[in-house]
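Me: Could you take a close look at one part of this model for me, the hairpin in the second chain, and then walk me outward from there to the rest? I would enjoy a connected account rather than a list.

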Amino acid sequence: MRWMYHIGRYMRLLTKSFRKPEKFSVFKSLLMTELESIGLQSLGIVALLSIFMGAVICLQTAHQIGGWIPIYTIGFTVRQTMILEFSPTLIPVILAGKVGSNIASQIGTMRVTEQIDALDIMGVNSAGYLILPKVVAGVFIVPFLVVLSMVLGVGAGAWIGVTTGLSPLADFEYGMQIDFRVFDVVYALVKTVVFGFILTSVSAYHGYFAEGGALEVGKSSTKAVVWSVVIIMVSNLVLTQMLLN
Amino acid sequence: MIELQHLEKSFGNHHVLKDVSAIFERGKVNFVIGRSGSGKSVMTKCTVGLFDPDQGRVIYDGRDFTAMNEQDRKVIRQEIGMLFQGSALFDSMTVQENVEFPLRMLSDMSEAERRDRAAACLERVELADASTRFPSECSGGMQKRVGIARAIAMNPKYLFCDEPNSGLDPQTAIVIDNLISDITAEYQITTVVVSHDMNSVMEASDTIHFVHKGCICWHGNREGLLEGGVKELEDFVFASDLMRKIRKTV
């Protein structure tokens, strides 16, 4: 029954967060800060992982195929893997570690140092002030990071395929284009929007209800990452079933 | 004036507040004293609306705070200033931005007006030259003064101070006590100070409420405090050798 308590409290927190901001100018400025914090400051890690994953997928596919399997399968596999699963699912999982822990520890520290109480006593909607800009920023910026990841991953796959001589560029390009459906990208982006929402709101929930001191803030940060990843994985299954069938 | 009427609050099986009634008068520094865990902080949190009492009423100048919805409470909340035990300043903002924050969020003041008001509040607590510092660059005493400046920025009618002297040296503690007293008299605020520091009580209190095991078992003033009369109060007040010596001289 404990999980029902958490779901109820999470829903109430979201309701409180999505009320009209006290000052739109303040909300706009906080949103810009969050876009930078969640988006720009994650560019490096997203780019690094995507380049290496695209390259490794290319090498592994080349290692697996042979005989009657055509060489353009390398391009096809790199594209499908990056677009369907790696970029839309694993990038949010990685962001849950980087951004989620940051959100939970930031809000958790504010909770245990009574800064959230100070906001509430002033008459400021603390949940709206702290959580809404993060969630909106997450929903907007994570899809951009994922598209960037797709492009870099596929590009790195092509580069490693050509430079190692495993796949001529023409074959890779042909594989990339074969049986391409725009819906696959739409499906990936829909998932990404949902995952952006989950990783920011679940992390904020754990931070907002942190209790105690530094130790508990650390624990809430860990819980935020673990639960964000678990919920992203479950949602991934549900969304894939819903969208692809 | 703030009135607490028959407040009750429990957490699970732990009955923290038991039929607490009190009156905090306007223009006076009303102290709430008691041992750690006696229920002082819970009482304050019920008063400012951070906790909802299980029973009883909190009345701000005739307005029943406990019966209001969130939207109506907002009006009263904007009349409340609070100084927290750990100051609760926003780490990411400078001292000036901290003081400006409630004005920015809750008033229609222009940027210039906000800046002037924040500067005046910082001037009042003698921190005009610290406006560009971050809280982490300020001493404990300075942080408390910034907390007071932020609390008075919106011209509050009610000021709550939770352990304002904790962690401060005696001289700085007296500066904070005097500042709270002066501001209370100057702005005619209803001030409630939660403390277990007897120096502060003797320095700044106008009225005193003693909380013991969730009940207010004594209330009066400084002179009455030294006379004692209630065993729990005497145990608390005269726990230190210094206070026992003071009692003998009185």
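Reply: Happy to. In this predicted model, strands E1(B) and E2(B) form a hairpin with two residues between them. One residue in that turn, Gly12(B), has a positive phi of about 65°. The two strands, E1 covering residues 2-11 of chain B and E2 covering residues 14-24 of chain B, pair in the antiparallel sense, and seven bridges join them. For a position to look up in the viewer, take Ile2(B), which stands opposite Phe24(B) in E2(B). As you follow the side chains along, keep in mind that in a regular strand they alternate between the two faces of the sheet.

The phi of the turn glycine leads on to other backbone angles. Most residues other than glycine have a negative phi. Lys213(B) has a positive one, near 45°, and is not a glycine. You will find Lys213(B) in the loop between strand E9 (207-212) and strand E10 (215-220) of chain B. Its surroundings hold 15 other C-beta atoms within 10 Å, so Lys213(B) counts as partly exposed.

Chain A offers a case of its own: Glu114(A) has a positive phi of about 65° although it is not a glycine. This residue sits in the loop between helix H4 (73-112) and H5 of chain A. Here the count is 20 other C-beta atoms within 10 Å, and because a residue is buried at 20 or more, Glu114(A) is buried.

From that loop we can step to the place where the chains meet. The contact draws 13 residues from chain A and 15 residues from chain B. On the side of chain A that touches chain B, helix H5 (residues 115-122) gives the most, with six residues. By class, that side of chain A has five nonpolar, three polar and five charged residues.

Finally, a word on chain A as a whole. Its secondary structure comes to ten helices and zero strands. Along the principal axes, the C-alpha atoms of chain A fill a box of roughly 70 × 40 × 35 Å. Of the 245 residues in chain A, 45% are buried. Among the contacts in chain A with a separation of 6 or more, 87% are between residues 24 or more positions apart.

How values were computed
Residues are numbered from 1 along each chain as its sequence is written. Chains are lettered from A and ligands numbered from 1 in the order in which they are written. This is a predicted model: local features need pLDDT of at least 70, side-chain atom pairs count only at pLDDT 80 or more; totals for chains, interfaces and linings use all residues. Two residues are in contact if their C-beta atoms, placed from the backbone, lie within 7 Å. Helices (H or I, at least four residues) and strands (E, at least two) are DSSP runs, numbered from the N terminus. Ala, Val, Leu, Ile, Met, Phe, Trp, Tyr, Cys and Pro count as nonpolar, Asp, Glu, Lys and Arg as charged, and the others, Gly among them, as polar. Two strands pair if DSSP finds at least two bridges between them. A residue is buried if 20 or more other C-beta atoms lie within 10 Å of its own, exposed if 12 or fewer, and partly exposed in between; C-beta atoms are placed from the backbone.
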